[in-house]
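Me: Please examine the model shown below with me. I should like to put some questions about its fold, its salt bridges and its surface.

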Amino acid sequence: MSGAASAGREQVSEPAARGLLADTAQAVKAMKASWLRVAINLRRIRDEELWRYASPDCENFEDYAFGALKLNKYVARRMLKAMDYTSSKRPDMVHDVSDRLERGEEVVVPSYQVVNNLRLAEEKVEGREEEFQELESKVFEEGIGRVTFKREMDGMLTPRTEGPGIMETQVCLLYTSDA
């Protein structure tokens with residue numbers, strides 16, 4: 001650790017540091033939950049054509065979402081797909097999240113990237129529904145992150161013999177190909 005870093009560390013009291021850590025953890029939870037709230041609102045705005053009331057005027061939903069809100073179109077589409085998948089798997093989560101956040105309740109919401117990975121993985125685990133249900137519970141109830149999700153999927157998709165996980169296999173094939 002550099003002298004400047006250690007000097008900075010000495011100036012912060014332990015209670016202040018713990019307070020900052022707790023505040024950051026709470027902010028991360030709120031940030032993770034916010035994608036679902038944004039997706040719920042976007043779906044309603046799209047489905048009910050509420051973008052017509054936007055100022056400045058918008059010609060369509062895409063004009064509103066990608067122009068007025070300046071959302072990345074791929075991120076917005078992935079959030080909507082993740083929200084639709086979440087709605088099909090855990091409808092109560094979708095219906096309750098906004099109200100619970102407004103009441104200040106803690107809500108476990110996985111990242112939209114993990115939900116999309118779960119959605120895409122569902123078709124790859126045919127015949128292993130029980131294991132997939134366990135993984136789904138970890139995603140929706142514990143809010144596992146991408147690294148843990150990848151590790152779990154590798155464990156499910158890797159043949160029972162020794163070898164790389166499914167995600168590493170594809171990367172290795174790219175680098176070992178003669179093409």
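The questions and answers that follow treat the fold, the salt bridges and one surface patch.

Me: What conventions apply here?
Reply: This is a predicted model, in which local features need pLDDT of at least 70 and side-chain atom pairs count only at pLDDT 80 or more, whereas totals for chains, interfaces and linings use all residues. Side-chain values use heavy atoms, with hydrogens and water left out, and residues are numbered from 1 along each chain as its sequence is written.

Me: How many helices and strands are in the chain?
Reply: Helices (H or I, at least four residues) and strands (E, at least two) are DSSP runs, numbered from the N terminus. From that end, the elements run α-α-α-α-α-α-α-α-α. The count is therefore nine helices and zero strands.

Me: Is Thr86 buried or exposed?
Reply: Thr86 lies in helix 4. Leaving aside neighbours within four places in sequence, Thr86 is in contact (heavy atoms within 4.5 Å) with Trp35, Pro91, Met93, Val94, Val115 and Phe140. Buried means under 20% relative accessible area, exposed over 50% and partly exposed in between, with a 1.4 Å probe and protein chains only. Because its relative accessible area is 1%, Thr86 is buried.

Me: Which residue in helix 7 forms a salt bridge with Arg90 across 51 residues in sequence?
Reply: A salt bridge is a side-chain nitrogen of Lys or Arg within 4 Å of a carboxyl oxygen of Asp or Glu. Arg90 meets Glu141 in this way at 3.0 Å, N to O. Arg90 lies in the loop between helix 4 and helix 5, so the pair ties together parts 51 residues apart, and the partner in helix 7 is Glu141.

Me: Which residues are joined into one network by salt bridges that share partners?
Reply: Arg90 also forms a salt bridge with Glu136, with the closest N and O atoms 3.5 Å apart. Both Glu136 and Arg90 are buried. The network joins Lys89, Arg90, Glu122, Glu136 and Glu141.

Me: Where do Lys150 and Asp154 both lie?
Reply: Their side chains meet in a salt bridge of 2.9 Å, N to O. Lys150 counts as partly exposed at 27% relative accessibility, while Asp154 is buried at 9%. The two residues are four apart, about one turn of the helix, and both lie in helix 8 (residues 146–157).

Me: How is Arg77 classed, and at what relative accessibility?
Reply: Arg77 is found in helix 4 (residues 73–89). Its relative accessibility falls between the limits for buried and exposed, so Arg77 counts as partly exposed, at 41%.
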